[in-house]
Amino acid sequence: MLSGRAAIGGIGATEFSKESGRSELRLAAEAVLAALDDAGLSPADVDGMVTYSQDTNQEIAVARETGVGDLTFFSRVEYGGGAACGTVAHAAMAVATGLARTVVCYRAFNERSGRRFGQPNAGLSGEPTSQGLEMSWHVPYGLITPAAWVAMFARRYMHVYGATSEDFGRVAVTMRRHAATNPAAWFHGRPITLEEHQASRWIAEPLHLLDCCQESDGAVALVVTSAERARDLRRPPALITAAAQGSGAGQMMMTSYYRDDMTGLPEMSVVARQLWEMSGLSPSDVQAAILYDHFTPFVLTQLEELGFCGRGEAPGFVRDGGIALDGALPVNPHGGQLGEAYIHGMNGIAEAVRQLRGDAANQLAGVTNVLVTAGTGVPTSGLILSSG
Amino acid sequence: MTDPLHELADKQAALGEVRGAPAPDPVNAPMIRHWLAAMGDANPVYLEQGVAPPAMAQVWTMDAPRDRSPVDDVLAALDDAGYTGVVATDCGQTYHRYARLGERLTPATRFTDLAGPKRTALGVGFFATWNVTWYDEDHRPVAEMLFRVLKFRPPEVGKPYPLQPAVNQDTAFFWEGAKQGELRIQRCADCGALRHPPGPMCPACRSTARTHAVATGRGTLHSFVVHHHPPVPGRELPFVVGVVELPEGVRIVGNVVDCPIEKVEVGMPLRVTFRPMDDRLVLPLWTPEEA
């Protein structure tokens, strides 16, 4: 069993911006050093590294820059932002099995000033790889941006459950309200109203601009080590009570439109089932959730897939203030990717650790278990982190 | 072949030899001297004997104000059909005698053959062949030339559509079908299961034996998006992309076209239509059933 064997002992990040002015490798190295410093460890202690397969900074390059020596474990996690919690899952497995003692997980990019994921890329269907062929059923029709891929699911969800654009908008308004009181957030001090959400321009109907997360430059790193060792480090540990990856039947990258039901995220259900089984917890046992919010509609879907409310009930749950700081399940107290920054989900894991330590900007009371999810619409991953 | 290009070519060939205007200048020493210098030909025999190098035949009538030759209409028609590229492939000359200083030559052109379309390394094209004969004032032939050009369709002529699908042996049948106006759905040759998108192995029975069914072309809009931003190469904004449910039991993604955007709604009946995007790609798209 993996539960409770490993912990996150350090977190680090660069500033979140629209133009870092630095190379992605430098951002990675800065975040890794910050995370090690937070843990009270040095680069000499690191023997494992994990990042996303989309990250442009190889483990060996980050190791060279930071003065890390021998690596006994290195791994990449696939599927875009779906990798976020998966990096911690891989690190925890390495620590639990003895492949490595101290593993650093990182994600670093200039996603606003460099390559922007929201821009059309005709190369997606350029090569007859399995993914290129999969994209070839969509890209030729101009269905080529993440917003549009998600909007296709959102329209079906609206049709089946009677959800409205305002229901999506309430997610954005809540995230921006949380970010408004988080000094690290790009949208610190800049909340929005539902009217502003409705008035923002169409990106891909039914999604408005304010249904879409920001584009950010920045990096986040996490230090994973054994639970016993983490207890001896500088900061209180965040125990990895559960870690899971998930892909569903008929899975595609962002375009799983060919399954019977287009209103859910079966891959997140696969993750949820494992998280609850591995942890022995139930939804009522978590005091906060960090839900991947690249686009608002999938926050609703995740609430349903994770069991925080029933099918089609998420709009009502949010309308009743369920995801606010004082709600039944506070979601993304840092403001999420809509409000704080889009660091491909890695910044959300850091927020979960802060909530457990008790030093978050928008600190909730009595937090002992936090659930974290990764990218939605893709094969994904999740964590339950606990104070310990 | 009964296509318009070959019809025109046959018509022009039937005209036989068509005389052009006489050369504006007689065969003359300055031009011969200039030509010899340009060609690097040091043989003194031409100017000493007062004859022109035979290979100069074409030179004498090159600038002649001329009537349209039978070749011109064929080449213009090829241009109009998109075969705008040109490359000379053959030139054979026959010399009956030397042209002498002071003679004034007259060309006559006979269109002889149009062959194609043929696939060539330069692109698909036609080979056009004609003969020119240069006559003296007594209407005796001095020189003849067979000339052949390849008129081809340059690959860049139609602007290529920027959003091309990757195609391999598992998916080529679908795109080939679209070119032929068929919406093809993969069918397992063993268990008969229909499947879209297609793949190399039947997920139901694991057979790799594949065939396809041709869909009725009807469908129902299951979901859709209206893309407004950012701009997409090859597309005018805004445009509609939908997931279409087919009565055959599979879904397919495609654009909904020929319909005001505000009329697009989940559940609307649709019919497939095939749209060429460039010389290579035909996409199956969807229009309202009523249309």
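Visitor: By class, how many residues in the lining of the largest pocket are nonpolar, polar and charged?
Guide: This is a predicted model. Proline and phenylalanine count as nonpolar, glutamate as charged and glycine as polar. Divided in this way, the lining of the largest pocket comes to 24 nonpolar, 16 polar and 9 charged residues.

Visitor: Which residues of that lining lie nearest the centre of the largest pocket?
Guide: The largest pocket holds about 1,100 Å³ of space. Its lining is made up of 49 residues. Those nearest the centre are Glu111(A), Phe117(A), Gly118(A), Pro146(A) and Phe295(A).

Visitor: Which helix gives the most to the lining of the largest pocket?
Guide: In chain A, α4 (130–135), α5 (146–161) and α6 (165–180) each supply at least two residues of this lining. The top contribution is 3 residues, and it comes from α5(A).

Visitor: Which residues are the closest to the centre of the second largest pocket?
Guide: About 910 Å³ of space lies in the second largest pocket. Lining it are 38 residues, with names from chains A and B among the closest to the centre. These are Gly250(A), Met252(A), Arg195(B), Pro197(B) and Pro198(B).

Visitor: Where does the largest share of the lining of the second largest pocket come from?
Guide: At least two residues each are supplied by α4 of chain A and by β6 (184–188) and β7 (194–195) of chain B. The largest share is 4 residues, from α4(A).

Visitor: How many residues of the lining of the second largest pocket are charged?
Guide: Asp, Glu, Lys and Arg are the residues counted as charged. The lining has 18 nonpolar and 10 polar residues. The number of charged residues is 10.

Technical notes:
Residues numbered from 1 in each chain as written. Chains lettered and ligands numbered in written order. Predicted model: local features only at pLDDT ≥ 70, side-chain atom pairs only at ≥ 80, totals over all residues. Heavy atoms only, no water. 1 Å grid on protein atoms, 1.4 Å probe; cavity = no way out; pocket = protein on both sides within 12 Å on 5 of 7 lines; lining within 4 Å. Points joined across faces, edges and corners; volume = space filled by probe spheres on them.
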